[in-house]
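Ready for a walk through a protein? Have the viewer open and follow along at your own pace.

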Amino acid sequence: MTTTETTSSVPIRLDFDTHAAGFSRALATLDGAATKELDRVDFDPRLRELVRVRASQLNGCAYCIDMHTKDARAIGEAEQRLYGLPAWRETPYFTDRERAALAFTESVTLMADGHVPDGAFAAAAEQFSADELAALVALIVTINAWNAVSVSTRAWPPGSYEA
């Protein structure tokens, strides 16, 4: 039996970088500001990528999933943890701190389904200092903004990112 690989192109709906260049630059600036906050509190780079990947999975952002799994691998994240990320609650691969960040990421990303429950916030606040928690919020807000642009416009084709 042979396997035939097929690929299909997902058409770009809107060249967002061209038609909203100022906003695109502002979003990149927001991303840089979030990264500076993460750097300031020495937030684990692998956990940053796990948060980005998990939010992107929830939002269905193929480009960002591709980008951030590549980035995670490049800094030493284990394949097993990346594969287990959609079912992180059911795996032994994540620390309590990572679990709190992932639960908080899901709550913020899916806030329309019940806001951010006190329990999710409290669990994150138990694992992270106030500065770290603020940086985590900045990270989650930023990746959700990128996801919203990417999913709605398909501005950046999945597979086009090179780590």
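What follows is a tour of one helix, some aromatic rings and a pocket. Keep in mind that you're looking at a predicted model.

Let's start with helix H2, which covers residues 21–40. How far apart are its end C-alpha atoms? They sit 28 Å apart, and this agrees with the 28 Å that the 20 residues of H2 should span at 1.5 Å a residue.

Now look at which way the side chains of H2 point. Its buried residues are Ser 24, Leu 27, Ala 34 and Leu 38. If you look down the axis of H2, these buried residues fall within an arc of 75 degrees, so they line one face of the helix. Here's the general idea behind such a pattern: an α-helix has 3.6 residues a turn, so residues three or four places apart point the same way. Turn H2 around, and on the face away from its buried side you'll find the exposed residues Arg 25, Thr 29 and Lys 36.

Next up are the aromatic rings. Searching the whole structure turns up four aromatic pairs. One of them joins Phe 16 and Phe 23: the ring centres are 6.0 Å apart and the planes stand at 90 degrees, so this pair is edge-to-face. Are the two partners buried or exposed? Phe 16 has 13% relative accessibility and counts as buried, because the cut-off for buried is under 20%. Phe 23, with a relative accessible area of 49%, is partly exposed.

Phe 104 and Phe 121 make another pair. Their ring centres are 5.9 Å apart with the planes at 65 degrees, so this one is edge-to-face too. Phe 104 belongs to helix H6 (residues 96–109) and Phe 121 to helix H7 (residues 118–127), so the pair ties together parts that are 17 residues apart in sequence. Phe 104 is buried, at 3% relative accessibility, while Phe 121 is partly exposed, with a relative accessible area of 41%.

Last stop: the largest pocket, which holds about 280 Å³ of space. Its lining is made up of 15 residues, and Asp 31, Arg 52, Met 67, His 68 and Asp 71 lie nearest the centre. Which helices supply at least two residues each to this lining? They are H2, H3 (45–59), H4 (62–74) and H8 (130–153), so you're meeting H2 again here. The largest share, five residues, comes from H4. As for chemical character, the lining divides into eight nonpolar, two polar and five charged residues.

Methods:
Residues are numbered from 1 along each chain as its sequence is written. This is a predicted model: local features need pLDDT of at least 70, side-chain atom pairs count only at pLDDT 80 or more; totals for chains, interfaces and linings use all residues. Side-chain values use heavy atoms; hydrogens and water are left out. On a 1 Å grid over the protein atoms alone, a cavity is a set of points where a 1.4 Å probe fits but cannot get out, and a pocket is an open set with protein on both sides within 12 Å along at least five of seven lines; lining residues have an atom within 4 Å of a point. Grid points are joined across faces, edges and corners, and a volume is the space filled by probe spheres set on the points. Helices (H or I, at least four residues) and strands (E, at least two) are DSSP runs, numbered from the N terminus. Ala, Val, Leu, Ile, Met, Phe, Trp, Tyr, Cys and Pro count as nonpolar, Asp, Glu, Lys and Arg as charged, and the others, Gly among them, as polar. Rings of Phe, Tyr and Trp (its six-membered ring) pair if their centres lie within 6.5 Å; planes under 30 degrees apart count as stacked, over 60 as edge-to-face and the rest as tilted. Buried means under 20% relative accessible area, exposed over 50%, partly exposed in between (1.4 Å probe, protein chains only). The expected span of a helix is 1.5 Å times one less than its number of residues. The arc is that of the directions from the helix axis to the C-beta atoms.
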